[in-house]
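Me: I would like to go through this structure with you, beginning with its interior and then moving on to some of its helices and strands. Could you take my questions one at a time?

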Amino acid sequence: MDAHPPENLYPYTVSRPIYSNPTFEEDNERQAREERTLRERLSRTCGCSGRQALKVVKGVFPVIDWLSRYPIREWLPSDVISGVSTGLVCSLQGLAYALLVSVAPVYGLYSAFFPILTYFLLGTSRHISVGPFPVTCLMVGSVVLTLAPDDHFLLPGNVTGVNGTEADGIVVDVEAMEAQRIMVASSMTVLVGLFQVVMGLLQVGFLVRYLSDPLVGGFTTAAAFHVLISQLKIVLSVPTNNHSGCFSILYTLIDVFTNIRQTNRADLAAGLLTIVIVMAVKEVNSKFRHKIPVPIPIEVIVTVVAAGISYATELESRYGASIVHSIPRGFAPAQPPNTELLWNILGSSFSTAVVGYAVAVSVAKVYAAKHDYTINGNQELIAFGFSNVFCGCFSGFVASTALSRTAVQESTGGKSQVAGIISAVMVMIVILALGNLLEPLQKSVLAAIVIANLKGMFMQVTEVPTLWRQNRADCFIWLATCLASVVLGLDVGLLAGLVFEMGTVVVRTQFPACSTLGNIPGTNIYRNMKDYKNIAEVPGIKIFKCNAPIYFANIDYFKERLRVTVGFDSVRVFKKRNKALKKIHKLIKKGKLRATETGEVVSEVSLGVDNKGFESEQDSGRESGQVEDGDWPVPEVEVRVDWALELPVRVSVPKVQIHSLVLDFSAVSFLDVVAVKSLRLVIKEFLRIGVNVYIAGCDDEIVRKMEALSFFDEEVTRDLLFLSVHDAILFIKLETANGSMQDAMVEGLSLLQDCKEPPPFTEEEDLIETYDNQHRAIHGLSN
């Protein structure tokens with residue numbers, strides 16, 4: 001049998017009534033939704049039973065659920081191997097990422113240890129490796145350098161001691177500077193954690209969805225540039241000033257190139273060699289990942305070898321290399337955050353909290369989808385929040401996750417967070433026993449490891465051409481966020497990117513795609529007239545579709561596009577017709593026009609020739625002087641005007657070529673009060689010039705919203721709602737065939753015989769109806 005059958009091989013026929021919404025609801029017995037009171041909702045939510053209590057406890061502490069079902073024999077060996085491998089990587093990345101925060105490397109080890117403990121109890125992802133992340137580290141580091149720059153710890157040049165480093169006649173009090181910097185970093189970490197906990201308790205994890213993939217891609221790429229420049233000065237080992245905020249990259253580059261002659265060759269050689277080796281081996285690990293059972297821990301190997309070479313050749317004393325120096329054994333005592341600093345770091349902490357959570361959840365979702373389980377976004381907020389609070393109280397800095405470290409944990413066989421606990425044990429061993437062995441390690445090697453791990457972030461630049469081809473709005477979001485974050489700094493850049501993203505959403509909804517639909521002959525299918533050749537417009541009917549929610553920002557654009565689609569302005573048509581009718585009425589009263597027995601308006605002068613032999617009652621009346629000129633009684637005949645023909649008065653009335661308008665609302669998902677009010681007036685504007693309006697394809701929620709916003713009244717009834725465009729078209733054709741639909745081309749004049757002015761709208765409707773009245777309303781408000 002042919003796998004691709006020809007088109008139209010399987011036609012189908014559906015026979016059902018023509019359904020308007022009221023008819024459909026009556027036939028299918030629409031049910032009213034049960035609205036629970038606030039008390040009922042609270043009692044249902046806050047009610048407690050044994051099963052509900054256990055469910056709540058398992059929700060707060062997911063470890064209870066998965067650890068009780070942990071298959072020891074199948075998973076434990078893999079978790080042990082993964083935990084050892086990941087622990088070594090965590091230790092080295094902790095040391096390296098501490099440089100981004102501008103604190104001593106030992107605090108990076110604390111940041112790689114403490115968050116894992118709380119995440120083990122509270123987290124829902126089985127695979128992510130919790131710990132420092134370059135972007136959040138750099139965001140914390142920018143705040144640290146702003147609040148605790150070197151200039152705040154300068155001492156006179158004649159003061160020397162073990163706690164000071166002398167350069168150019170001045171001394172920097174290193175001990176006081178490091179104490180203040182770690183206080184700023186740890187206080188900010190606690191505040192970040194509190195933000196995340198509060199967001200988790202308020203169930204606002206959905207806010208991270210506003211950080212779209214293009215925005216995150218542009219932001220992390222910009223962060224990679226910041227990281228690269230901040231580590232460049234360490235690889236070159238040149239002195240620079242501390243810069244943060246706008247144009248910090250430019251100022252740092254100027255300092256680097258100004259002092260380029262002071263480059264330490266030993267540090268430069270070690271850094272470049274480390275970058276080349278680490279990137280080459282990572283490429284091998286990626287290319288042969290299916291053949292190599294365990295990725296080569298190149299960072300560990302390079303670090304051990306570099307520390308050994310530095311110790312054996314005495315690089316610090318002989319060549320002036322910058323080394324780690326002191327890595328004290330044991331843990332720092334717990335200390336509370338400095339509350340005096342919190343107000344100064346409020347905004348930066350919130351943005352760091354959002355970025356850290358967004359990155360972690362994105363990575364967690366990737367591996368959850370790969371291994372077929374789900375994560376709880378709000379619980380992840382709580383887990384990372386408590387992890388950061390706990391970590392900050394023990395002199396650590398912000399924890400998130402890194403894709404490279406998580407990839408190591410998953411690729412080495414990690415099945416659960418047991419691997420995370422084992423990696424924490426490995427970090428603890430380094431803190432308690434092995435830290436002093438890394439004291440001779442050059443800082444340029446750690447900086448080079450950081451730079452080598454930025455490859456994935458920089459490779460995001462290759463997404464830009466693809467985004468340009470697929471969706472230029474997303475491409476502009478990527479570029480704007482990246483450029484703003486590079487130039488303005490990460491905090492302000494993220495905010496600017498988010499504002500730009502929201503702006504594109506507003507623009508796209510404010511100017512939605514609107515189209516005129518036509519019918520594919522012989523089907524119930526309606527498509528855009530511009531997209532198909534084999535399509536026909538239904539005679540006398542316009543079908544208008546709006547592909548967006550309709551609300552206060554785009555209702556004017558909606559009305560403008562509707563005007564273009566139908567080919568006339570209904571308000572202008574109404575005013576012109578009224579003007580013409582008034583003139584006709586005046587001429588009839590003066591006797592210059594008269595109405596036939598059928599109501600047709602004709603001139604008293606036919607073909608320019610007066611019939612002297614014919615004397616009408618009007619003529620005899622005039623001659624006998626029974627009536628005055630202009631007061632001749634209007635005959636008791638309903639006067640009718642055919643607007644399609646030439647009028648007997650000089651008034652240019654726009655032609656109306658349709659008798660019905662169908663609004664396809666199948667793509668409309670939202671209506672607000674302004675849109676509902678304006679839409680009702682638009683419908684009335686069409687109705688008063690004889691064009692019937694129907695709304696098709698409304699979702700039940702939209703109908704409920706219309707009812708709640710009092711959309712329907714005596715003129716705009718629920719009978720204009722139809723299930724589909726085809727239902728509306730069939731109904732219009734049926735009404736036209738039965739002759740029950742009023743001809744839009746012919747209008748009566750009998751109302752104007754007793755009333756000189758057209759029937760007005762209410763005051764409220766009149767203020768919204770036309771632009772001149774809107775202007776008048778605004779002028780009135782200003783007074």
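Me: Which residues line the largest cavity?
Reply: Please note that the model is predicted. In it, the largest cavity is lined by Leu-211, Leu-215, Val-216, Phe-219, Thr-220, Val-355, Ala-358, Val-359 and Leu-494.

Me: Which elements give two or more residues to that lining?
Reply: These are α9 and α15, the latter spanning residues 346-370. Helix α9 gives the most, with 4 residues.

Me: How much space lies in the largest cavity?
Reply: The largest cavity holds about 50 Å³ of space.

Me: And how many cavities of 30 Å³ or more does the structure hold?
Reply: There are 4 cavities of that volume or more.

Me: On to helix α10. Which of its residues are buried?
Reply: Helix α10 covers residues 248-258, and its buried residues are Ser-248, Ile-249, Thr-252, Asp-255 and Val-256. Because these residues span an arc of only 125 degrees around the axis, they lie on the same side of α10.

Me: What covers the buried residues of α10?
Reply: The cover includes α9 (213-236) and α22 (472-488). Helix α9 thus appears here as well as in the lining of the largest cavity.

Me: Which exposed residues does the face turned away from the buried side carry?
Reply: On that face of α10 are the exposed residues Phe-257 and Thr-258.

Me: Changing topic to the strands: how many residues of β13 are buried?
Reply: Strand β13 runs over residues 692-696, and 4 of its 5 residues are buried, so the strand is largely enclosed by the rest of the structure.

Me: In what sense do β12 and β13 pair, parallel or antiparallel?
Reply: Strand β12 (residues 660-664) pairs with β13 in the parallel sense, over 5 bridges. Within this pairing, Leu-663 stands opposite Ile-695 of β13.

Me: Through which helix does the chain cross from β12 to β13?
Reply: It crosses through helix α27, residues 673-687, and this β-α-β crossover is right-handed.

Me: How many bridges are there between β13 and β14?
Reply: Strand β14 comprises residues 721-722 and pairs with β13 over 2 bridges, in the parallel sense. Phe-722 in β14 is the bridge partner of Ala-696.

Me: Which helix makes a β-α-β unit with β13 and β14?
Reply: That is helix α28, residues 700-708, and the unit it makes with the two strands is right-handed.

Note on methods:
Residues are numbered from 1 along each chain as its sequence is written. This is a predicted model: local features need pLDDT of at least 70, side-chain atom pairs count only at pLDDT 80 or more; totals for chains, interfaces and linings use all residues. Side-chain values use heavy atoms; hydrogens and water are left out. Buried means under 20% relative accessible area, exposed over 50%, partly exposed in between (1.4 Å probe, protein chains only). The arc is that of the directions from the helix axis to the C-beta atoms. Contact means heavy atoms within 4.5 Å. Two strands pair if DSSP finds at least two bridges between them. A crossover is right-handed if, with the strands pointing away from the viewer, the path from the first strand over the helix to the second runs clockwise. On a 1 Å grid over the protein atoms alone, a cavity is a set of points where a 1.4 Å probe fits but cannot get out, and a pocket is an open set with protein on both sides within 12 Å along at least five of seven lines; lining residues have an atom within 4 Å of a point. Grid points are joined across faces, edges and corners, and a volume is the space filled by probe spheres set on the points.
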